[in-house]
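Open the model in your viewer with residue selection ready, and follow the stops below in order. Each stop says what to select and what is to be found there.

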Amino acid sequence: MKKGLTTTAVGLALILSTGSAVADQDSDLVINGEIEVTVRADAPAHLENLDQIFSGWTFRSSETQALQMDDFENPGMIFVDEGITAWNTVEGEAGESCASCHGAPEEMAGVAATYPKWDEAAGEVQTMTMQVNDCRTEQMGAEEWAYDKSDMLNMTALLASVSRGMSVDVAIDGPAAEMWELGRDLYYTRTGQLELSCANCHEDNYDNNIRADHLSQGMINGFPTYRLKNARLNGVHSRFRGCVRDTRAETYAVGSPEFIALELYVMSRGNGLDIEGPSVRN
């Protein structure tokens, strides 16, 4: 059940206005005329306050939606091409490339739909970014890539692209449960001078306007995402930083345990939607 306007922060009330219904709610995302992507689904059982979940794609204008429906029009696909080049490039002391172990990128189809997840060997929850760096350092003898910077975003965009149309299925039980609970706590904790939580915008007020933008449910099944605002790929932790900053709070670092936990929780909110990265957003 979608909640009405319930914000307790005066600052948010001043900039929120009621928007139209979910943009093109009945439209479907089909990429290149062949990859069918689920953009609305029943909410997973662990969500208490939503009956249905929607991809951020459904909240965009028809012009922005159209960019994502054709790989020749999607500006994020330029970076996928860069990722393919990196995939086949030999680096590090071991003289290996990603392709040396994994073959073609298409062999990784479905991987992006399961991250973040518990890694038994590492004894921790790992994001896909962390797994890529583990492969680089442990298998290739190469240097780590910086979190949410261009090389890593190109690679994760590639890995997302080969999983488009595959359902998000992030495990939240077992040893991952503790991090998931931390992420849930962070999602509902008000922070900053505006005293806002993630839920205040993306659960209580989705489909309303905030300044000139249309609030989505904050699903991250489309990351990395190409933002028209800054004309480049954006990683999910960088987007978290931006959101926390907008509450006028001191934020966490990309790759921090807090943002890893938040990524796990937020990704699990999208269980049932499909991977669609690299997506196009405002």
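Select Y187 to begin: this residue is buried, with a relative accessibility of 3%, where buried means under 20% relative accessible area, exposed means over 50%, and partly exposed lies in between (1.4 Å probe, protein chains only). The model is a predicted one, in which local features need pLDDT of at least 70 and side-chain atom pairs count only at pLDDT 80 or more, while totals for chains, interfaces and linings use all residues. Residues are numbered from 1 along each chain as its sequence is written, and side-chain values use heavy atoms, with hydrogens and water left out.

Now add Y188, which counts as partly exposed because its relative accessibility is 34%. Ring pairs link W180, Y187, Y188 and Y265 into a cluster; rings of Phe, Tyr and Trp (its six-membered ring) pair if their centres lie within 6.5 Å, and planes under 30 degrees apart count as stacked, over 60 as edge-to-face and the rest as tilted.

Next, select residues 177–188, which form helix α7; helices (H or I, at least four residues) and strands (E, at least two) are DSSP runs, numbered from the N terminus. The 12 residues of α7 reach 17 Å from the first C-alpha to the last, close to the expected 16 Å, a span that is defined as 1.5 Å times one less than the number of residues. Colour W180, G183, L186 and Y187, which are buried in α7. They cover an arc of only 120° around the axis, so they lie on the same side of α7, the arc being that of the directions from the helix axis to the C-beta atoms. The buried residues of α7 pack against α8 and α10 (257–269).

From there, move to L262, which touches G183, L186, Y187 and F240 when residues up to four places away in sequence are not counted, contact meaning heavy atoms within 4.5 Å. Which residues touch the most other members of the largest nonpolar core? They are I53, L262 and V266, in a core of 35 residues; such a core is a set of buried Ala, Val, Leu, Ile, Met, Phe, Trp, Tyr and Cys residues joined through side-chain atoms within 4.5 Å. The elements giving two or more residues to this core are β5, α7, α9 (236–246) and α10, and α10 gives the most, with 7 residues. A second, separate core has 20 residues, among them M77, A86, M108 and V162.

For the aromatic pairs, of which a search of the whole structure finds 8, select F59 and Y206. Their ring centres are 6.2 Å apart and their planes stand at 90°, so the pair is edge-to-face. The pair links distant parts of the chain, 147 residues apart, with F59 in the loop between β5 (52–54) and α2 (62–68) and Y206 in the loop between α8 (198–202) and β8 (208–210). F59 is buried at 2% relative accessibility, and Y206 is buried at 6%.

In the loop that holds F59, select S61 as well, which is partly exposed at 36% relative accessibility.

Finally, go to T127, in the loop between β7 (124–126) and α5 (128–140). T127 is buried, with a relative accessible area of 1%, and, leaving aside neighbours within four places in sequence, T127 is in contact with Y115, P116, Y147, H237, I260 and E263.
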